[in-house]
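User: Please give a close reading of one pocket in this model, and then set it against other local features and the chain as a whole. I would like a single connected account.

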Amino acid sequence: MKATYIEYSETNSFSKTLLAYLAHDEALKPFVGHWPTFDGFEKQLHEKRHFGHRTILVERLKAQYATLLQDSPTVAENIDLLLQENTYTITTGHQLNIFTGPLYFIFKIMTAIRLSEDLRAKYPDKNFIPVYWMATEDHDFEEINHTKVYGKKIAWETPAVSATGRMDTASIVDAVKQYTNILGLSDNSAKLTRIVEQAYLKHKRLADATRYMVNELFKSYGLLIIDADDKELKELFKPIIKTDILSENSFKAITDRSKELEAKGFSTQVHAREINFFYLTDDFRERLVLAADDRYEVLHQNIYFTKEELEREIDAHPERFSPNVVMRPMYQEIILPNLAYIGGGAEMVYWMQLKSNFDQYQIDFPILIPRNSAMITEDNVAAKLFRVDLTFKSIFRSAEVLKKEYVRRHTKERLNLNDEWMELNAIFGKIRLRTHKIDPSLGPSTEAIKARLKKAMNNLEKKLMKAEKRNHQHALADIDNVKEKLFPGGGLQERSENFALLYVKYGDNLFRDLYKYFNPLDFKFTILY
């Protein structure tokens, strides 16, 4: 594949806040750590606090991987490197979308891999390990139970239970068959089919299935996959679980910081609650709230704790206390020797809301890295795009605008009536003067006639354009086809399409090309063709 790049601002697809962050807008400085540059990493490394949980982290990773490490030597080596004080992680995270979900799942991981390698080259005396944090405690099953392959939706239809990582995969067989049947017959499709079937049909829990599939795709790059739904890891988080539930520190800090962000004209993504933890079992994940009688209630479960009972429960079973979206990032930074977090635009914004909460707990705030965003197309689509005089930059405009521009460039006739309207406007100036002399009150009537005529002229222009479009219908159909290929459903390809058919075509070269062409600290939209 070849690559070209365009500025994010030229895609009209990203938020004001994200663009301001990429421009190092000083208005955002109170909400972030160091800027996402090599200079920022230099400062982050210098200021990074001592990380004292290396042994337990390594033990839990080895336990979670179990026999997978036998066939993953680079992964095993990277886990062992975590024992060294000069080893740091570069983390991305995502829900357990079946079959990896949309393309940006893959892009997030490859951004973490490439950035880790870039940092190794920059600082050869240190180790940088890419990490995929599985959002195993998330319970929004409807967001992850489906994927799309060339617009065809494939869904895992089953009732949601507790945290998605704990869900039993016994009922996913039909979705696996639908997915693999689309892949066709080739060496690459056979390989992907084997990975998918082994992942989802041979592993009981969705967390284990996801770990297997992601490891098979990225083990040669040394990617580490962590499941934080783990009692021993929650032990490290226990002091903050207890303090935050009882004191509501995060609610106060995040609410105040969010108001400051909005006051500066930036949007926010999440809202902190008084208690930002769920109570988690194999059967449910429900919010914990402070009831009117000063007991702590697990919503919808008729479970209550006094303050003393809650403290004992946290001490005995920290694994039952699951952080919500505003506390999960802090949990991540406590159990990993982490320098940076890689996420999408919305994630960047809600991390900005959390900075003061990190500060009050004296936890290092990571450098925020917007993931690489990309579009992947085929030679025939690129050829069709160039054939209708479009560029990869112009294709981000609407189909209707592109078609009008094409017709105007290729018509032999003049399709606007601007000159004629200027003549008519001059005539109306004379009419207005004459009517004013006869009766000044006739001015509004004159203007009303002029407005009706202007409207009629505009309608006639539209008819001229419509008539001329019929003379270029094949080219305009090509524009529609290109737009639908590159923007399925009207949105960015990466936000809906799965990687399956790209993998069938390119195999592991798909990941090699992403690794080759992604430049994580350059912050440009990548187009591969």
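Analyst: Helices are here DSSP runs of H or I of at least four residues, numbered from the N terminus. The model is a predicted one.

The part chosen is the second largest pocket, with a volume of about 290 Å³. Its lining is made up of 16 residues. Nearest the centre of this pocket lie Tyr 150, Glu 484, Lys 485, Gln 493 and Glu 497. By class, the lining divides into eight nonpolar, four polar and four charged residues. Two helices, helix 19 (473-486) and helix 20 (500-506), each supply at least two of the lining residues. Of the contributors, helix 19 gives the most, namely three residues.

A second local feature is Gln 95, placed in the loop that joins strand 2 (87-94) to helix 5 (103-122). Is Gln 95 buried or exposed? Gln 95 counts as buried because its relative accessibility is 17%, and the cut-off for burial is under 20%. The side chain of Gln 95 also makes a polar contact, at 3.3 Å, with the side chain of Asp 138. Leaving aside residues up to four places away in sequence, Gln 95 touches Phe 105, Tyr 132, Ala 135, Asp 138, Asp 140, Glu 143 and Ile 144.

Strand 2, which precedes the loop of Gln 95, appears again in the surroundings of helix 3. Helix 3 covers residues 54-65, twelve in number, and should therefore span 16 Å at 1.5 Å a residue. The C-alpha atoms at its ends are 17 Å apart, in agreement with that expectation. An α-helix has 3.6 residues a turn, so residues three or four places apart point the same way. The buried residues of helix 3 are Arg 54, Ile 56, Leu 57, Val 58, Leu 61, Gln 64 and Tyr 65. Their cover includes helix 4 (73-81), helix 8 (206-218), helix 9 (231-247) and helix 12 (328-335), together with strand 2 and strand 6 (224-227). Just after helix 3, Ala 66 takes a positive phi of about 50°.

These features belong to a protein chain with 21 helices and 15 strands. Its C-alpha trace spans about 95 × 60 × 50 Å along the principal axes. The chain has 529 residues, of which 54% count as buried. Among its contacts with a separation of 6 or more, 75% are between residues 24 or more positions apart.

Technical notes. Residues are numbered from 1 along each chain as its sequence is written. This is a predicted model: local features need pLDDT of at least 70, side-chain atom pairs count only at pLDDT 80 or more; totals for chains, interfaces and linings use all residues. Side-chain values use heavy atoms; hydrogens and water are left out. Buried means under 20% relative accessible area, exposed over 50%, partly exposed in between (1.4 Å probe, protein chains only). A polar contact is a pair of N or O atoms within 3.5 Å; within protein, one must be able to donate a hydrogen and the other to accept it, and residues adjacent in sequence count only if both atoms are side-chain atoms. Contact means heavy atoms within 4.5 Å. On a 1 Å grid over the protein atoms alone, a cavity is a set of points where a 1.4 Å probe fits but cannot get out, and a pocket is an open set with protein on both sides within 12 Å along at least five of seven lines; lining residues have an atom within 4 Å of a point. Grid points are joined across faces, edges and corners, and a volume is the space filled by probe spheres set on the points. Ala, Val, Leu, Ile, Met, Phe, Trp, Tyr, Cys and Pro count as nonpolar, Asp, Glu, Lys and Arg as charged, and the others, Gly among them, as polar. The expected span of a helix is 1.5 Å times one less than its number of residues.
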